[in-house]
Amino acid sequence: TKRDYSDGTSRWLSESLFLRKLINGEKVPRPWLIYSVSKGSVFCAACLLALKSLSATRWSARYEAVHVLNQYFDEIIETLIIIEEDIDENAITRQQAKGIRIQMERLETAFMQILWHFLLSRFNAVSQRLQKVDCSIAEVIDDYLGLIKVVADTRNEFEIYEKNALNISKIKEYKTTVSRQRKRKLHADES
């Protein structure tokens, strides 16, 4: 698609953006990229899911957002780098892509993504079962007790989630461990 601007410049979207070329020459589609004809823009599906207004009562909306982030984490980082390094892209857009990438590459973000993906998958599965017409009160009680156990057990499995987060995070230390100490400015009457 080609777009002409009033200053005489033109921009178009290359089909290659939707394909990732591997070292062996194989082309792999990037299904998480969405092109909006009406807006003339490309969007990251995971970002749209994560940024859209989430229902306060629907676990599925939250699970879907985290699931897409979990499934396409590396591809999203790669796309943000492409946007960040694209000299034809608007400077504000490039800076925003860089900020999002830096946040996503933090160990804390990877940890929370993995933890929430696990927990929300369990909550979503229970929510789906509870919405069935033939769900009995005994099943409801079992499901709720199961969720309570899952949450309690998850508290004791910090090391497992941290190990998985270390596997996907570019940064291997928590921000609090690598942040510089700020020095308080002393006033004239202080020593």
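Colleague: Let's start with Arg 101: is this residue buried or exposed?
Modeller: This is a predicted model, where local features need pLDDT of at least 70 and side-chain atom pairs count only at pLDDT 80 or more, while totals for chains, interfaces and linings use all residues. Residues are numbered from 1 along each chain as its sequence is written, and side-chain values use heavy atoms, leaving out hydrogens and water. Relative accessible area (1.4 Å probe, protein chains only) decides the class: under 20% is buried, over 50% exposed, and in between partly exposed. Arg 101 has a relative accessibility of 13%, so this residue counts as buried.

Colleague: Which residue meets the side chain of Arg 101 in a salt bridge at 2.8 Å?
Modeller: A salt bridge here is a side-chain nitrogen of Lys or Arg within 4 Å of a carboxyl oxygen of Asp or Glu. Both partners lie in helix 4, four residues apart, or about one turn of the helix; helices (H or I, at least four residues) and strands (E, at least two) are DSSP runs, numbered from the N terminus. The partner is buried too, because its relative accessibility is 10%. At 2.8 Å from N to O, the residue is Glu 105.

Colleague: Which residue joins Arg 101 and Glu 105 in a network of salt bridges?
Modeller: Side chains of opposite charge can pair when their charged atoms come close. Five salt bridges are counted in this model. The network links Arg 101 and Glu 105 with Glu 84.

Colleague: And which residue pairs with Asp 143 in a salt bridge?
Modeller: This pair meets at 3.1 Å, N to O, and the partner of Asp 143 is Arg 129. The two link distant parts of the chain, 14 residues apart, with Asp 143 in helix 6 and the partner in helix 5 (residues 107–130). Asp 143 is buried because its relative accessible area is 12%, whereas the partner is partly exposed at 38%. So the name to remember, partly exposed at 38%, is Arg 129.

Colleague: Which backbone oxygen lies 2.7 Å from a polar atom of the side chain of Ser 169?
Modeller: Ser 169 sits in the loop between helix 7 (158–168) and helix 8 (175–178), and at 4% relative accessibility this serine counts as buried. A polar contact is a pair of N or O atoms within 3.5 Å; within protein, one must be able to donate a hydrogen and the other to accept it, and residues adjacent in sequence count only if both atoms are side-chain atoms. The side chain of Ser 169 reaches the backbone oxygen of Glu 105 at 2.9 Å. The backbone oxygen at 2.7 Å belongs to Ile 171.

Colleague: Which helix gives the most to the largest nonpolar core?
Modeller: A nonpolar core is a set of buried Ala, Val, Leu, Ile, Met, Phe, Trp, Tyr and Cys residues joined through side-chain atoms within 4.5 Å. The largest has nine residues, including Phe 73, Ile 76, Ala 97 and Met 104. Helix 3 (73–85) and helix 4 (91–105) each supply at least two of them. With four residues, the top contributor is helix 3.

Colleague: Last one: how many residues does the second, separate core have?
Modeller: In soluble globular proteins, nonpolar side chains tend to be buried together. Phe 111, Ile 114, Leu 115 and Leu 119 are among the members of this second core. Its residue count is eight.
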